[in-house]
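User: I should like to learn how to read a cavity and a DNA-contacting surface in a model. Could you guide me through the structure below?

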Amino acid sequence: MAMDRQELAELLASMALLLELAGENTFKIRAYQGASRTIGKLTEDLDELYRSGKLETIKGIGRAIARHIAEYAETGTIEEYRQLKSTVAPSLLELVKIPGLGPKKAMAVHAALGVNSIGELEYACRENRLIALNGFGEKTQQAVLRGIEYMKKFQGSLLLAEAWPLAERVAAYLLEQDGLTAAQVAGEVRRRCPTVREIVVVVQADAAGLAALEGILTAMPGVEQVTSPETGCFAATLSVGISLLIRVAAVAEFPTALCLFTGNERHVAELIRLAGEQGWTLAGGRLVTADGKAVPVAAEADVYRKLGLDYPEPELREGQDEIALAARQRLPVLVQPGDLRGAFHMHTTYSDGTASLAAMGEAAATRGWSYIGITDHSRTAVYAGGLSLGQIQAQRQEIERLNANRPDCLILAGIESDILPDGSLDYPDDILAQFDFVIASVHSAFRQSAAEKTKRLKKAMQNRYVTMLGHPTGRILLAREEYPLDMPEIIQTAADTGTIIEINASPYRLDLDWTWCRVAREKGVLLSVNPDAHGVAELDSVVYGVAVARKGGLTAANLLNTRERPEMLTLLKRKR
DNA sequence: GCCGTTTTCGGCCCGACTGTTTTCAGTCG
C-alpha cells in the first residue's frame with residue numbers, strides 16, 4: 001500500500017510540536033519541521049525511494065527520520081510518535097491553540113501554575129497569577145485573556161467545508177431509516193453560510209417514523225444528548241461541538257417546511273407577512289387560505305409561486321432584498337461551479353505548495369479548465385519560501401515548456417506579491433511587468449489602523465501591474481478577525497483603477513465576504529473566484545468560492561474566471 | 001536530528017513585532 005505523503009508530513013509536524021512541548025532542543029525540533037515540509041513538497045515517488053533504500057538521499061532526511069519513514073511505510077504509524085504523545089500532557093496541546101500562547105509560555109503556565117485546561121488558565125489570569133511568572137507581565141496576561149475570549153467566541157461553530165459534508169451524511173443516514181421518506185439539509189448549510197452554528201435537517205416521516213426518531217437519533221454515531229423541545233422537533237449536540245436540529249414534517253408538508261427552515265428569520269418573516277397580506281397563513285409546514293383551505297404545495301418553488309414570487313436560490317435567503325427582487329422577476333441568475341473556465345491563485349513546490357507545477361497543470365486539465373494562473377509567494381514571504389529572482393526565471397521557463405506540450409490548459413505565470421506596510425510591492429515595476437498577472441496581498445503588519453490599512457491597499461491597487469487584490473480583509477474564519485478597513489473605499493478604488501478583487505475560496509478564508517459582493521457588483525468591479533490552492537485537491541475549493549459569489553448575488557458575468565480564454569487574457573491586461 | 005566536512009563535532013534560517021527586559025525571548029507569518 002502506498003504511503004500517504006500528506007499524512008506522513010502531518011505526523012512529522014506533530015512530532016515536532018510534541019518534541020517542543022517535551023522541551024527538546026531547538027535544532028532537533030527544526031529537523032522534524034524541515035523533514036515534514038520536505039516530505040509534504042516532495043515531487044519524487046516516496047514509495048520508490050523507500051523501496052530502493054534511497055530515503056537518506058533526500059536533503060533533510062537522515063538516519064533517524066528515514067527509519068521513521070520506513071516504519072510508517074510498513075505499519076502506517078510511528079511508534080516514537082505514540083510514545084511522545086503519551087509523555088506530553090494533553091492539556092499542553094490544548095493550550096498552544098490559544099493565539100499568543102506558544103509552546104514556551106504554555107509550558108511555563110503548565111509547569112509553574114499547574115494549569116491543565118483553558119478554563120483553569122482563564123481563572124489563573126483573573127486571579128492575576130500569570131504576571132508573577134518570569135517573562136510574563138500585565139500585557140501578556142491581557143493578551144492571553146483576549147486569546148481565550150476569542151477562542152470561546154468561535155466555540156460551537158464549524159467551517160462550511162466541515163459542516164456541509166457532515167450535514168449531508170446526517171441526511172443520508174436518516175433517509176436509510178424505516179418510516180423516514182425524505183430528508184434534506186436546510187438552515188445555514190443550505191444557505192452556504194461561511195461558518196455554521198447549527199445543522200438543520202428537515203425529514204418527512206409517517207407516524208411510525210416520528211415515534212422512532214428519538215431512538216434513531218440517539219443511536220446515531222457522533223450524537224450526544226437528544227432532546228425534543230416541541231412536537232416534531234428534535235435537538236442534539238454533535239460531538240464536533242455544534243448543534244443538530246431535526247424538523248419533522250408530514251408528507252404533504254415537507255416542501256413548505258423545507259422552505260420555512262431554510263430561510264433566515266427575516267426572510268421567513270417576510271414570507272409570512274406576504275401570506276398575511278392576502279389573508280393567508282404560513283406556518284407549521286402549511287400554507288392556508290383565508291377560508292381555511294390548505295394550498296396544495298408539491299415543491300418548494302410552489303410556496304414562492306403562490307405568494308407571487310420567483311424562486312430564490314437558498315443561498316440568497318438572508319432577508320436582504322431577495323423577496324423584493326423575486327416579486328419583480330429580477331432575481332439574478334447565479335453563477336454555478338460549471339461556469340468556471342479556469343482559476344487563479346495557486347502555489348506550487350516553488351514556494352509553499354505541495355504539488356509540482358506540472359501536477360497542478362495536469363489537475364487543472366482534468367477538471368476541464370482551459371487556463372490556470374500560478375502565483376507562488378514573493379521574496380518577502382521568506383517563511384513560505386518566497387521566490388528569488390532566479391527562481392522566477394526558472395519557473396517561467398518551466399511554464400513555457402509545459403505550455404508547449406499541453407495546449408488544452410494554458411498556464412499563466414503570476415506571482416502573489418506582498419503589499420509592504422507602505423503600500424508598495426516587494427518587487428520593482430520592471431520585475432512585476434514580467435509576470436502575466438500579479439495578485440497583491442497583505443501578509444504582514446496586520447495591526448495598522450483602518451486608515452493606514454486602507455491607504456496601503458489603495459496605493460497597491462493604483463499600481464498598474466497589480467491585476468488583483470488578494471484576500472482583501474485577511475480574515476481566517478474562526479481564528480483571526482478581519483483587519484479594520486474602509487471596505488466601500490477599497491471597492492471604489494478597485495472600480496476606479498480596474499483592479500479585480502479576489503473571492504478567496506479557501507474554506508478558511510472566504511474573503512471577500514459575500515456581503516460585499518453586491519457592493520462590488522454595483523460598482524462594476526470584476527471579481528475572481530480563486531482557490532488559493534497549496535495542493536491539487538485544494539483546486540476544488542472553488543466550490544466554496546462559487547457559494548460566496550452566489551450568496552452575494554453574482555452572475556457568471558461578474559467574474560473573471562468564467563470567461564473564455566481570449567476574453568480573460570484581454571481583461572488581465574486592461575490596466576497595463 | 002541533519003549536514004558537511006578542513007572526517008567526528010559545531011553550526012544550523014528569516015524579520016517584524018511585542019513585551020519584558022537592560023540585551024533578549026517568544027510568537028507569528
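Analyst: Please bear in mind that this model is predicted. A cavity is read from its lining, and the largest cavity here is lined by Leu 316, Asp 321, Glu 322, Leu 325, Leu 331, Pro 332, Arg 518, Arg 521, Gly 552 and Gly 553. Helix H16 (322-327) and helix H22 (514-522) are the elements that each give two or more residues to this lining.

User: How much space lies in the largest cavity, and what is the character of its lining?

Analyst: The space amounts to about 50 Å³. Its lining residues comprise four nonpolar, two polar and four charged.

User: Where does the largest cavity lie with respect to the domains?

Analyst: Lining residues come from both domain 3 (259-331) and domain 4 (337-572), so the cavity lies between these domains.

User: Which residues are closest to DNA strand B?

Analyst: A strand is read through the residues around it. DNA strand B is surrounded by 32 residues, of which Gly 60, Gly 62, Gly 100, Gly 102 and Gly 137 are the closest. Of the strand B atoms that come within 4 Å of the protein, 73% belong to sugar and phosphate.

User: Which elements supply the surface near DNA strand B?

Analyst: Helix H2 (26-41), helix H4 (63-75), helix H7 (103-113) and helix H9 (138-154) supply at least two residues each. H2 gives the largest share, five residues.

User: Which polar backbone atom lies 2.7 Å from a phosphate oxygen of DNA strand B?

Analyst: That atom belongs to Gly 137. In addition, a backbone N or O atom of Glu 138 is 3.3 Å from a phosphate oxygen of DNA strand B, while one of His 443 is 3.1 Å from a sugar or linking oxygen of that strand.

Note on methods. Residues numbered from 1 in each chain as written. Chains lettered and ligands numbered in written order. Predicted model: local features only at pLDDT ≥ 70, side-chain atom pairs only at ≥ 80, totals over all residues. Heavy atoms only, no water. 1 Å grid on protein atoms, 1.4 Å probe; cavity = no way out; pocket = protein on both sides within 12 Å on 5 of 7 lines; lining within 4 Å. Points joined across faces, edges and corners; volume = space filled by probe spheres on them. Helix = DSSP H or I, 4+ residues; strand = E, 2+ residues; numbered from the N terminus. Nonpolar A, V, L, I, M, F, W, Y, C, P; charged D, E, K, R; others polar. Domains from an automatic or database assignment. Near = heavy atom within 4 Å. Polar contact = N/O pair within 3.5 Å; in protein donor to acceptor, adjacent residues only side chain to side chain.
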